Amino acid sequence: MPVNIVVGCQWGDEGKGKIVDLLSENVDICARYQGGANAGHSIVIRDKKYILHLIPSGILHSQTVCVIGNGVVIDLATLFDEIEFLNSHHIDVQGRLLISNLAHVILSFHKLLDSEQERLKLTDKIGTTGRGIGPAYVDKYNRLGIRIIDLFNPVRLKKKIYSNLSQKHQESKNIYDLPEQSADKIVADCLNFADKIEPFVADTSLLLNEAIDEGKRLLLEGAQGTLLDVDFGTYPFVTSSNPVSGSACVGLGIGPTKIDKIIGVLKAYTTRVGEGPFPTEFSGKFAEQMRTLGDEYGATTGRPRRCGWFDAVIARYAARINGLDSFALTKLDVLDQLPELKICIAYRINGQQVTEFPADIDDLSNCKPEYITLPGWQTPTGGIRKRIDLPLNARNYISKIEALTGKPIAIISVGPDRRQTIYEQNI
Ligand code: GDP
Ligand code: IMO
Ligand code: MG
């Protein structure tokens, strides 16, 4: 498996952290290609839970080098908190965490703007994580961003921050009710991090391409999920980056010809945090029951996640957009107690049956999901390690997803722990 990608197939939180950690056992380099500390990737090893926001989920394997690519937006304070958190668990990142010199930095005012923009919206609030992701990517594409490499050139850094802030002050006077930010303080904050971050900074595209040429094994980790993609997701209720697999090349400086396999992570049901349409969403008491069963609370913000039935229209769409080879299906065990399960196979929109994911957000908001119902298995699956040993109805549920998506399920996860995993086939 020389260069593989792991990508989220729903609205994030599919269990990518667990799958990336598992697959990292056999890789030399694990690399994040987009997003920032809006991500919360959980890994459970025996009774210890690690939640990573910026550092790739391969970091718990001591032989794995981790790379934060140019496509990621980095909150420096969060990064160092995370490094300290890992150190406190005796995980040393020195010498095996590399950060792209081209990655953009999230500054304090990006976070302020994120909250303020949400506050001022009268409709279509997105429910962002408040981590400054949108404003940082706006600055990047507006060619006003601060990159890691700028931290090592104080004169240029100061010039760029002054220029960025003078534009922001104009905007905030005209549009937002924000206090003036002190440019000098922001410059000083950035410079404070310069010495600390220097040992980690590298031309990561060069290193990754050299590693590929040497035959090393790479795993590229997506954050968020396909339906939060700024192009292919439920726009405008999306994040401000491209979580889809195609973005791995841009976010790391690797050519598309180098990619071997793409694995999509799917939860055995569906969840979403934040606002936006969600056709198969549960309501009432059942919604709460499922949230409790799945422990569905955000790993970054602690917000309760919205839960719903498995949606095969979405899974098929994700398979297409990401060019998937296979799926990893997670949280099957959460469905253990249910007497019956529904799978959405199509949407009814204006009286018509639609089997492809609609581009129009209003169609998605107003559609009526069409379901098939399958019997539940009502048996615990958390201790099972072979697909053949799963209860028949669980195997039928999995086979149905494979039939509806046309893609094999290579990995089945039956609990949060690393060991609670069924490897169906080599990916
Ligand atoms: P990510 O953002 O895609 O990495 O997913 P999160 O870590 O935000 O959320 C997934 C949650 O489900 C975490 O709390 C995981 O520990 C947990 N989890 C992952 N796989 C399984 C599973 O198969 N069963 C159960 N019960 N929990 C799981
Ligand atoms: P992981 O990597 C789930 C959601 C937010 C909000 C929208 C925009 O853990 O799967 P943003 O702060 O990115 O501008 O928020 O995207 N969101 C996520 N939802 N998992 C994530 O990451 C998410 N990252 C952002 O809730 O709806
Ligand atoms: Mg998460």
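## Polar contacts of ligand 1

In this predicted model, a polar backbone atom of Gly-415 lies 3.0 Å from an oxygen atom of ligand 1. Two further residues offer a polar atom to an oxygen atom of ligand 1. Gly-17 does so through a backbone N or O atom, at 2.8 Å, whereas Ser-413 does so through an N or O atom of its side chain, at 2.5 Å. Ligand 1 would expose 580 Å² if taken alone, and the protein buries 94% of that area.

## The surroundings of ligand 1

The shell around ligand 1 consists of 20 residues, and the closest of them are Lys-16, Gly-17, Ser-42, Asp-333 and Ser-413. Divided by class, this shell holds 8 charged, 7 polar and 5 nonpolar residues. The space that ligand 1 takes up is the second largest pocket.

Where in the chain do the residues of the shell around ligand 1 come from? Domain 1 (3–101 + 201–263) and domain 3 (265–423) each provide at least three of them. Among the elements of secondary structure, the helix α1 (16–24) and the strand β3 (41–45) each supply at least two residues of this shell.

## Ligand 2

Ligand 2 has 20 residues around it, of which Asp-13, Lys-16, His-41, Thr-129 and Thr-239 come nearest. Lys-16 is thus listed among the nearest residues of ligand 2 and among the closest residues of ligand 1. The shell around ligand 2 comprises 10 polar, 7 nonpolar and 3 charged residues.

Oxygen atoms of ligand 2 also have polar protein atoms beside them. In Asn-38 the partner is a polar side-chain atom, 2.9 Å from an oxygen atom of the ligand. In Gly-40 the partner is a polar backbone atom, again at 2.9 Å, and in Val-273 a backbone N or O atom lies 3.2 Å from an oxygen atom of ligand 2. Of the 550 Å² that ligand 2 exposes when taken alone, the protein buries 98%.

## Backbone geometry

Most residues other than glycine have a negative phi, and most peptide bonds are trans. Two places in this model depart from these patterns. Asp-13, one of the residues nearest to ligand 2, has a positive phi, near 60°. Asp-13 is placed in the loop between β1 (3–8) and α1.

The other place is the peptide bond between Tyr-235 and Pro-236, which is cis, with omega about 10°. Pro-236 belongs to the loop that runs between β10 (218–221) and α8 (247–252).

Notes
Residues are numbered from 1 along each chain as its sequence is written. Chains are lettered from A and ligands numbered from 1 in the order in which they are written. This is a predicted model: local features need pLDDT of at least 70, side-chain atom pairs count only at pLDDT 80 or more; totals for chains, interfaces and linings use all residues. Side-chain values use heavy atoms; hydrogens and water are left out. A residue is near a molecule or strand if one of its heavy atoms lies within 4 Å of it. A polar contact is a pair of N or O atoms within 3.5 Å; within protein, one must be able to donate a hydrogen and the other to accept it, and residues adjacent in sequence count only if both atoms are side-chain atoms. Accessible areas come from the Shrake-Rupley method with a 1.4 Å probe; for residues, only the protein chains shown count as cover. Ala, Val, Leu, Ile, Met, Phe, Trp, Tyr, Cys and Pro count as nonpolar, Asp, Glu, Lys and Arg as charged, and the others, Gly among them, as polar. On a 1 Å grid over the protein atoms alone, a cavity is a set of points where a 1.4 Å probe fits but cannot get out, and a pocket is an open set with protein on both sides within 12 Å along at least five of seven lines; lining residues have an atom within 4 Å of a point. A molecule sits in a cavity or pocket if more than half of its atoms lie within 2 Å of its grid points. Helices (H or I, at least four residues) and strands (E, at least two) are DSSP runs, numbered from the N terminus. Domain bounds come from an automatic or database domain assignment.
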